[in-house]
Amino acid sequence: MPGGSQEVASAGSGVIVDAEGGYILTNHHVVEDADEIQVSLIDGQILDAEVVGSDAATDIAVIKVNADGLVEMPIGDSEKVRVGDFVL
């Protein structure tokens with residue numbers, strides 16, 4: 001409707017980088033202008049999240065959830081990467 005508001009849902013991906021703190025690395029464009037953020041985990045949990053920081057120039061954002069039992073993805077050493085290695 002003209003002049004009205006419309007709820008829009010979108011999806012993105014992210015990586016848990018600090019399980020104890022609940023920090024998740026995602027993209028800026030995923031959380032930009034979001035009024036509400038929810039994270040769906042592979043085990044079916046749906047968690048509310050808040051933006052901790054975001055940078056449009058690098059398209060990186062950090063969000064935080066409060067949950068126990070999260071599993072983080074270790075950040076590798078770029079000096080040890082070889083041609084043909086699978087990296088994210």
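Visitor: What share of the contacts in the protein with a separation of 6 or more comes from residues 24 or more positions apart?
Guide: That share is 48%. Please keep in mind that this is a predicted model.

Visitor: Okay, and which helices and strands does the protein have?
Guide: There is 1 helix, along with 5 strands. Following the sequence, you meet them in the pattern β-β-α-β-β-β.

Visitor: In what order do the strands sit in the sheet?
Guide: The order is β1-β2-β5-β4-β3, in an open sheet with antiparallel pairing.

Visitor: Why is one side of β1 and of β3 left without a neighbour in the sheet?
Guide: Those two strands stand at the edges and each has a single partner strand, so one side of each has no neighbour there. As for the twist, neighbouring strands of this sheet are turned by 40 degrees against each other on average, direction ignored.

Visitor: What holds strands together in a sheet, generally speaking?
Guide: Backbone hydrogen bonds do the pairing, and it can be parallel or antiparallel.

Visitor: Let's look at β1 and β2. How many bridges join them?
Guide: They are joined by 4 bridges, with β1 covering residues 14-18 and β2 covering residues 23-26. One partnership to look for is Asp18 with Tyr23 in β2.

Visitor: What lies between those two strands?
Guide: There are 4 residues between them, and the two strands form a hairpin. Gly22 sits in the turn, with a positive phi of about 80 degrees.

Visitor: And how do β2 and β5 pair?
Guide: They pair in the antiparallel sense, over 4 bridges. Across that pairing, Ile24 stands opposite Ile63 in β5.

Visitor: Which residues is Ile63 in contact with, leaving aside its neighbours within four places in sequence?
Guide: Among them are Gly22, Tyr23, Ile24 and Thr26. The list also includes Val31, Ile37 and Val39, as well as Ala49 and Val51.

Visitor: Now the largest nonpolar core: which residues touch the most other members?
Guide: Val39, Ile63, Val65 and Leu70 do, in a core of 13 residues. The elements giving two or more residues to this core are β3 (37-40), β4 (46-55) and β5 (60-65). β5 supplies the largest share, with 3 residues.

Visitor: How much of the protein is buried?
Guide: Buried residues make up 19% of the 88 residues. Turning to the surface, the protein exposes about 7200 Å², and carbon and sulfur atoms supply 51% of that area.

Visitor: What is the radius of gyration of the protein?
Guide: The protein has 16 Å, while a compact globule of 88 residues would come out near 12 Å. Taken along the principal axes, the C-alpha atoms fill a box of roughly 55 × 30 × 20 Å.

Visitor: Changing topic, what is the phi of Asp33?
Guide: The phi of Asp33 is near 65 degrees, a positive value in a residue that is not glycine. For background, most residues other than glycine have a negative phi. You will find Asp33 in the loop between α1 (28-31) and β3.

Visitor: Why does Asp33 count as exposed?
Guide: Asp33 counts as exposed because its relative accessibility is 73%, and the cut-off for exposed is over 50%.

Visitor: What about Asp59, where is that one?
Guide: Asp59 lies in the loop between β4 and β5. Although not a glycine, Asp59 has a positive phi of about 55 degrees. With 24% relative accessibility, Asp59 counts as partly exposed.

How values were computed. Residues are numbered from 1 along each chain as its sequence is written. This is a predicted model: local features need pLDDT of at least 70, side-chain atom pairs count only at pLDDT 80 or more; totals for chains, interfaces and linings use all residues. Side-chain values use heavy atoms; hydrogens and water are left out. Two strands pair if DSSP finds at least two bridges between them. The radius of gyration is taken over C-alpha atoms; the globule rule is 2.2 Å times the number of residues to the power 0.38. Buried means under 20% relative accessible area, exposed over 50%, partly exposed in between (1.4 Å probe, protein chains only). Contact means heavy atoms within 4.5 Å. Accessible areas come from the Shrake-Rupley method with a 1.4 Å probe; for residues, only the protein chains shown count as cover. A nonpolar core is a set of buried Ala, Val, Leu, Ile, Met, Phe, Trp, Tyr and Cys residues joined through side-chain atoms within 4.5 Å. Axes are lines fitted to C-alpha atoms, for helices over the stretch in contact, and angles run from 0 to 180 degrees between N-to-C directions.
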